[in-house]
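Me: I have a model open and would like to learn how to read its sheet and its cavities. Could you walk me through them?

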Amino acid sequence: MKFEVPEILKCNFAARNISKGSLLLPLTLLVFLVIFPLIRSFNQSSYKIYGSSNTETTETIRRCNISIGNWAPYLEGPYYNNETCHFMNDRQNCLMHGRPDRDFLNWRWKPDGCVLPLFDATLFLKLVRGKSMVFVGDSIGRNQMDSLLCLLNSVAHPDDITAKHVSKDENYFKWWFYADYNFTLAILWSPFLVKSNYNYLNDTAFYKAQNLYLDEADKAWVSRIQNYDYVIISTGQWFFRPLTFYENGQIVGCQRCQENLTEPNLYGYKMAFRTALRTIANLEWFKGSTFLVTHSPNHFENGDWYNGGACNRTKPFTKEERHEYIAGDFLTELNQIQVEEFNAAEKEARKKGLHFGLIDISEVMAIRPDGHPNRYGNVPEKNKTVNDCVHWCLPGPVDTWNEFLLYIMRMKSKN
């Protein structure tokens, strides 16, 4: 039996009896209802891969040198502000102190060879659940830790448990505890990493020499880190003071110990990092991960911090302007010292199954002269305001360091 197609369903009948205008209407609806959303979804997903780590998977995160790249315009705004986070140090709270421009907040680091996801507080807390993290070093480390506290603040709020660890609340040692994640975060003050005479704690005069015992790691932090899962080393600026170097109990050199000796003697800088990193690598029972944050550059222009130097720029250096960073060669030398000592210690640590990670921010931050508090951070002391071109505004480019930290932690968990 032959099946006959009804005339109404035949294409030639439809073509003869339906106008072109009638055909355009359903085709237009098809484009808007089906095709356009697909195109829009593709574009949005492409943007989110760069702009939101929530869409990232372990497959999309691949290893590359995240320290090579450029600062690209980013208009989505910072992760937090001085109203949504109360953890930031008052001296880095640039918005509260009246900084008039906001351009320094509209940049984001973009590596050349891979995607750097946005900081994901939920993911970070998932990775550190039941663990502990400690920053060891100076106020630059505190700067990064305050950034981390603010980044996590959108998800969880910690309790200050410092009193459980020290007899009184001090600015030098701090502990926080995230009860919902059983996560402890701390900072241990040790600006030289090695044993010193600690005179600076009572007398902050810059020109009074400190004794550094370069072959002895500072027990203030070594005695406490054994059970920590993550140890982050970050310091550097204190090594440019007048210093006397000791090894095996004997004086082996000094820095700025005579008026005509003004150039830094980087032997102390080198040996302090060597002692600190290798102490961790060989610390009995230590099983955690160690991260070294490389030297954080300052950007004083037209003088130093004590004689009117300032950092008034409001935008990053372009690649063409990079030569305007006058301390570039010195920063490179400091960075090379740290990387060399890190690589040597990392080889020792690897033999023990320990993980060492490098957070190389030196060149990344060298082109951000606009990121410091300058006169919009330091609290006036003795009727004099000192421009701060050493620390970093919160929020600001220092938040990138924690994007780097999370990136490396994710790479470790992936492996």
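Reply: Happy to; we will take the sheet, then the helix across it, then the cavities, bearing in mind that this is a predicted model.

Me: In what order do the strands of the open sheet run, and what is the pairing?

Reply: Follow the strands across the sheet and note how neighbours pair. Here seven strands make an open sheet ordered 4-5-6-3-9-12-13, with mixed pairing. Strand 4 (159–160) and strand 13 (355–359) are the edges, each pairing on one side only.

Me: In which sense do strand 12 and strand 13 pair?

Reply: They pair in the parallel sense, over five bridges, with strand 12 covering residues 289–293. To find one bridge on screen, pick Phe291: its partner in strand 13 is Gly357.

Me: Which strands does helix 4 lie across?

Reply: Helix 4 (residues 139–152) lies across strands 3, 5, 6, 9 and 12, and runs at about 160 degrees to strand 6.

Me: And how many cavities of 30 Å³ or more does the search find?

Reply: Two, in a search of the whole structure. The largest holds about 50 Å³ of space. Its lining includes Asp138, Ile140, Ser234, Gln237 and His295, and by class has one nonpolar, seven polar and one charged residues.

Me: What lines the second largest cavity?

Reply: Leu116, Pro117, Leu118, Glu403, Leu406, Tyr407 and Arg410 line that one, around about 40 Å³ of space. By class, that lining has five nonpolar, no polar and two charged residues.

Definitions and conventions
Residues numbered from 1 in each chain as written. Predicted model: local features only at pLDDT ≥ 70, side-chain atom pairs only at ≥ 80, totals over all residues. Heavy atoms only, no water. Pairing = 2+ DSSP bridges. Helix = DSSP H or I, 4+ residues; strand = E, 2+ residues; numbered from the N terminus. Contact = heavy atoms within 4.5 Å. Axes fitted to C-alpha atoms, helices over the stretch in contact; angles between N-to-C directions. 1 Å grid on protein atoms, 1.4 Å probe; cavity = no way out; pocket = protein on both sides within 12 Å on 5 of 7 lines; lining within 4 Å. Points joined across faces, edges and corners; volume = space filled by probe spheres on them. Nonpolar A, V, L, I, M, F, W, Y, C, P; charged D, E, K, R; others polar.
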